[in-house]
Amino acid sequence: MCGPTLFMAGERWRCFLAPSRSSVFRVLNNSCCRKKSTTPKKITPNVTFCDENAKEPENALDKLFSSEQQASILHVLNTASTKELEAFRFLRGRRSINIVKHRENFGPFQNLESLMNVRLFKYKSTVQVCNSILCPKTRGEKRKLPENRFLRKFLKPDIERERLKAVNSIISIVFGTRRIAWAHLDRKLTVLDWQQSDRWSLMKGTSYSSSVYLEEISSIISKMPKADFYVLEKTGLSIQNSSLFPILLHFHIMEAMLYVLLNKTFAQDGQHQVLSMNRNAVGKHFELMVGDSRTSGKELVKQFLSDSVLKADPRVFFPSDKIVRYRQMFLSTELQRVEELYDSLLQAVAFYELAVFD
């Protein structure tokens with residue numbers, strides 16, 4: 001029985017304990033770009049993973065790859081500069097430098113086995129390098145990861161960047177314990193509609209009747225036009241504060257109801273239309289945060305309204321046939337500080353500027 005052999009299929013390492021070395025090599029004589037089998041491999045619990053420093057059979061590397069694959073790998077190793085080598089996974093840092101130095105001192109690599117004569121290269125790392133050359137994942141391709149990671153910080157669930165880029169209009173929804181407000185904006189940041197409702201029969205008593213929530217929310221949704229996405233505000237209230245439990249329960253019920261009622265086609269296409277946006281992320285975008293607390297966005301919204309009249313190219317545009325009504329609505333709520341109304345507009349603007357525009 002020969003020792004366990006480690007090889008790479010795609011990007012996953014697998015270790016097999018095979019009855020003979022020749023049968024292992026027949027299995028391994030494939031490119032990493034070959035489609036993975038959908039049949040899961042059974043792994044024996046007693047299998048010991050290969051030690052990178054363990055001595056491998058002579059010419060083992062040459063038997064893992066076809067002659068064409070070997071030629072492609074050797075061409076890269078013998079001709080690429082340090083910078084070009086660093087574009088490949090597992091060849092960044094000292095390894096690419098060591099390859100070029102070894103090539104200068106001893107001439108071109110004659111076979112894959114000779115790569116293990118280079119400092120920092122053992123059998124396992126050499127197989128990794130060969131596979132990364134055959135199936136390169138360059139730094140350019142990885143630039144998407146930080147962007148996606150950035151979006152995940154304030155937007156849930158994960159949405160393909162292409163869908164966000166293609167957005168034509170959204171409805172931004174912010175709700176509290178007494179009212180709900182929503183703003184309908186297109187990708188030019190034109191306010192197509194902006195409304196609020198404060199006729200709540202919710203949060204009265206502690207029954208949290210599902211039928212009452214359904215009636216109230218359905219009535220509000222019926223007034224909303226269609227949009228590519230519906231963006232809900234996600235509050236940062238801590239569940240550990242027991243005194244806030246009734247409010248948290250209300251927010252979770254509201255969010256669940258809106259997800260279900262607005263995601264009308266999710267059961268058919270599996271595409272999310274309702275997203276949750278972090279409240280503090282919007283506050284940071286508009287510099288409304290003081291420590292961990294968010295201040296009112298009233299003055300900022302007031303500035304948006306003024307700029308739409310006074311500036312030729314305002315940040316947010318209110319159509320001339322509607323701006324009088326919006327200003328009156330704003331003035332009627334100014335003394336009460338109706339934050340849901342202000343926040344629904346700010347959240348819509350932040351969504352476009354953070355998630356849609358470059």
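Which loop, lying between a strand and a helix, holds P157? Keep that in mind as a later stop, since the tour begins with the whole chain.

**Before you start**

This is a predicted model, in which local features need pLDDT of at least 70 and side-chain atom pairs count only at pLDDT 80 or more, while totals for chains, interfaces and linings use all residues. Residues are numbered from 1 along each chain as its sequence is written, and side-chain values use heavy atoms, with hydrogens and water left out.

**The whole chain**

Show the chain as a cartoon, and you will have 16 helices and 10 strands in front of you; helices (H or I, at least four residues) and strands (E, at least two) are DSSP runs, numbered from the N terminus. Of the 358 residues, 43% are buried, where buried means under 20% relative accessible area, exposed means over 50%, and partly exposed lies in between (1.4 Å probe, protein chains only). Switching to a surface view, you are looking at an accessible surface of about 20,400 Å², 52% of which belongs to carbon and sulfur atoms; such areas come from the Shrake-Rupley method with a 1.4 Å probe, and for residues only the protein chains shown count as cover. If you take the contacts (heavy atoms within 4.5 Å) between residues at least 6 apart in sequence, 66% of them join residues at least 24 apart.

**The sheet, starting from β4**

Next, select the open sheet of 6 strands, whose order is β3-β8-β7-β4-β5-β6 and whose pairing is mixed. Its edge strands are β3 (155–156) and β6 (191–197), each of which pairs on one side only; two strands pair if DSSP finds at least two bridges between them.

Now colour β4, residues 169–175, by burial: because 7 of its 7 residues are buried, the strand is largely enclosed by the rest of the structure. S169, I171, I173 and F175 point one way from β4, while I170, S172 and V174 point the other way.

From β4 you can step to either neighbour. On one side, a hairpin of 4 residues joins β4 to β5, and the two strands pair in the antiparallel sense over 7 bridges, with I171 having H184 in β5 as its bridge partner. On the other side, β4 and β7 (residues 229–234) run parallel and are joined by 4 bridges, and here I170 has F229 as its bridge partner. Continuing outward through β5 (residues 180–186), you reach β6, which pairs with β5 in the antiparallel sense over 6 bridges; H184 appears again, this time with D193 in β6 as its bridge partner.

**Three loops with backbone features**

Most residues other than glycine have a negative phi, and most peptide bonds are trans. Against that background, return to the opening stop and select P157, which sits in the loop between β3 and α9 (161–165); the peptide bond that joins K156 to P157 is cis, with omega about -10 degrees.

Then select L189 in the loop between β5 and β6, where phi is positive, about 60 degrees, although the residue is not a glycine. L189 counts as buried because its relative accessibility is 6%.

The next stop is E287, in the loop between α13 (279–285) and β9 (289–290). E287 also has a positive phi, near 55 degrees, in a residue other than glycine, and because its relative accessibility is 72% it counts as exposed.

**Two packed helices, α3 and α6**

Select α6, residues 123–134, which has 12 residues and reaches 17 Å from its first C-alpha to its last, close to the 16 Å expected at 1.5 Å a residue; that expected span is 1.5 Å times one less than the number of residues. Since 11 of its 12 residues are buried, α6 is largely enclosed by the rest of the structure, and the buried residues include Y123, V127, C130 and L134.

Add α3, and you will find the two helices packed at an angle of about 95 degrees with their axes 10 Å apart, the axes being lines fitted to C-alpha atoms, for helices over the stretch in contact, with angles running from 0 to 180 degrees between N-to-C directions. That makes α3 roughly perpendicular to α6, a description that covers angles of 65 to 115 degrees, whereas those under 35 count as roughly parallel, those over 145 as roughly antiparallel and the rest as oblique. To see the meeting side chains, show Q69, I73, V76 and L77 in α3 together with C130, I133 and L134 in α6.

Finish at Q70 in α3 (residues 67–79), which counts as buried because its relative accessibility is 16%. Leaving aside neighbours within four places in sequence, Q70 is in contact with D62, F65 and L112.
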